[in-house]
Amino acid sequence: LPLPVVSIGNLVHSGTGKTPVTLALAHSLLTSHALPPAILTRGYGRALPFLHRLRPSTPPFTARPDRTPVAAAGDEPAFLAAALPGVPVVVGADRVAGVRYCGERWPGVKVVVADDGFQHLAVPRVFNVLLVDAMRPAEWRGGGGGCGCGIRIRIDKGDDAGDGARLIPAGPLREPRAAAGRADVVLVTRAPLAGFAFGVAAGEVVRGVEATYREFLRDEEVRVVSCPIEPRAVRMYERGELRAVLAPGEALRGERVVAMSGIAGPGSFVAELRRLGVSEVVGRFDFADHHWFGAEEVAEVSRAAARARAVVCVTEKDWVRLGAAERERMGRVAVVEVRAELEEGVVEDCVRRVREWRGVG
């Protein structure tokens, strides 16, 4: 292939934080290491079946989902393109063709970051990043309630409390945990949030994940490190109009909220709202991952918030899937922005592998 590829992925079906980690790594390669990247992603739920580049557009999008850039490419590519306007975001299921397209189309691109690429074995990788979500208790040794540190944790309804070592459809895994042997680094995402949700220290969570995965890793040089995904800001809207951008610690403290999400881990989102100091989660509307919100669904959520005098809270990916008409029908809405925090040593290891690839750099 014409370019080195860095893969970011997971072993479970979804919901480990791949999008914010992809964003963080691509931003660091571009701004701190003079390695302009392109991002390659599948674009789940997209309308266009062929390989194409997503060109960022300015929200709000039109109310017709079939005519929006988001529907054409998928919510995650649209979010990445808007967050990194100088970085090509290429959408397509054929990853080999995608890498070749990047090499032919953009001579200045020096590396491809493949979002959700861990299982795409036809694509050679110079650096394989494996994500493990700390908000899945079954990733800790002991599965349903325990970890390698001997800590017992409380598991709420909806959490992955079962046997996390089983393959789909019996469990959450796309492939056996032994596939972790392909990883060059294991990032434990949301460890501080898991510490808050389950009442344990974040470091204990990371050590529990390492106890689960160490036997499968290639050698002792493969590190297992924390990768927090933390709120960066909260954008406050009123009937679709941006009113304020507030610090996470002050935006929702003491507020009654209604949580609306169409993501793989809605429990993590609700836990994050509680960590931000909301007084009460008075309603929770969990939809399927990548769900397109209909007018009646938005109306139902808005009515519930109005009755409770509450703020509707959504993630950034949910917000891009709301058309202008749906946004205008809503009252107060808080959009919680999160960003991954990559350890610099992880980025340096990645950069070294990229630069070694046929002298790129």
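## Helix H5 and its surroundings

Let's start in the middle of things: the buried residues of helix H5 pack against strand E7, helix H6 (202-213), strand E8 and helix H8. Keep in mind that this is a predicted model. Which residues of H5 are buried? They are Ala 191, Leu 193, Ala 194, Gly 195, Ala 197 and Phe 198. That is six of the eight residues of H5, so the helix is largely enclosed by the rest of the structure.

Look just past the end of H5 and you'll find Gly 199, which takes a positive phi of about 70 degrees.

## H5 meets two other helices

How do you describe a pair of helices that sit against each other? Two packed helices are described by the angle between their axes and the distance between the axes. Take H5 (residues 191-198) and H8 (residues 266-275) to begin with: their axes come within 10 Å and cross at roughly 75 degrees. H5 and H8 are therefore roughly perpendicular to each other. On the H5 side, the contact is made by Pro 192, Leu 193, Phe 196 and Ala 197. H8 brings Ser 268, Ala 271, Glu 272, Arg 274 and Arg 275. Sort the residues of this contact by class and you get five nonpolar, one polar and three charged.

Now for H6. The axes of H5 and H6 come within 8 Å, with a crossing angle of roughly 110 degrees. Angles of 65 to 115 degrees count as roughly perpendicular, so that is what H5 is to H6. Here H5 uses Ala 191, Pro 192, Ala 194 and Gly 195, while H6 offers Ala 202, Val 205 and Val 206. What classes do the residues in the contact of H5 with H6 fall into? Six are nonpolar, one is polar and none is charged.

## Helix H12 and its buried face

Next, jump to helix H12, which covers residues 344-356. At 1.5 Å a residue, its 13 residues should span 18 Å, and the C-alpha atoms at its ends are indeed 18 Å apart, so the two values agree. The buried residues of H12 are Val 346, Val 347, Cys 350, Val 351 and Val 354. If you look down the axis of H12, these buried residues fall within an arc of 135 degrees, so they line one face of the helix.

What does H12 pack against? Its buried residues meet helix H1 (18-32) along with strands E1 (5-10), E5 (111-115), E6 (127-133), E7 (185-189) and E8 (223-227). After H12 comes Arg 358, with a positive phi near 50 degrees.

## Positive phi values in two loops

Most residues other than glycine have a negative phi, and most peptide bonds are trans. With that in mind, check out Ala 34: this residue is not a glycine, yet its phi is positive, at about 55 degrees. Ala 34 sits in the loop between H1 and strand E2 (37-41).

Asp 116 is another residue other than glycine with a positive phi, this one near 60 degrees. You'll find Asp 116 in the loop between E5 and E6. Are these two residues buried or exposed? Ala 34 is exposed, with a relative accessible area of 53%, whereas Asp 116 is buried, with a relative accessible area of 5%.

## Two buried strand residues

Ala 334 belongs to strand E14 (residues 332-340) and is buried, with a relative accessible area of 0%. Ala 334 and Met 236 are 98 residues apart in sequence, but their C-alpha atoms are 4.7 Å apart in space. Setting aside residues up to four places away in sequence, Ala 334 touches Val 234, Arg 235, Met 236, Leu 252, Val 311, Val 312, Cys 313 and Val 314.

One of those contacts, Val 312, lies in strand E13 (residues 311-315). Val 312 is buried as well, with a relative accessible area of 2%. Its C-alpha atom is 8.3 Å from that of Met 330, which is 18 residues away along the chain. Apart from neighbours within four places in sequence, Val 312 has contacts that include Val 258, Met 260, Val 301, Ala 305 and Met 330.

## The whole chain

Finally, zoom out. The chain has 12 helices and 14 strands, and 55% of its 361 residues count as buried. Among contacts between residues at least 6 apart in sequence, 76% join residues at least 24 apart.

Methods
Residues are numbered from 1 along each chain as its sequence is written. This is a predicted model: local features need pLDDT of at least 70, side-chain atom pairs count only at pLDDT 80 or more; totals for chains, interfaces and linings use all residues. Side-chain values use heavy atoms; hydrogens and water are left out. Helices (H or I, at least four residues) and strands (E, at least two) are DSSP runs, numbered from the N terminus. The expected span of a helix is 1.5 Å times one less than its number of residues. Buried means under 20% relative accessible area, exposed over 50%, partly exposed in between (1.4 Å probe, protein chains only). The arc is that of the directions from the helix axis to the C-beta atoms. Contact means heavy atoms within 4.5 Å. Axes are lines fitted to C-alpha atoms, for helices over the stretch in contact, and angles run from 0 to 180 degrees between N-to-C directions. Angles under 35 degrees count as roughly parallel, over 145 as roughly antiparallel, 65 to 115 as roughly perpendicular and the rest as oblique. Ala, Val, Leu, Ile, Met, Phe, Trp, Tyr, Cys and Pro count as nonpolar, Asp, Glu, Lys and Arg as charged, and the others, Gly among them, as polar.
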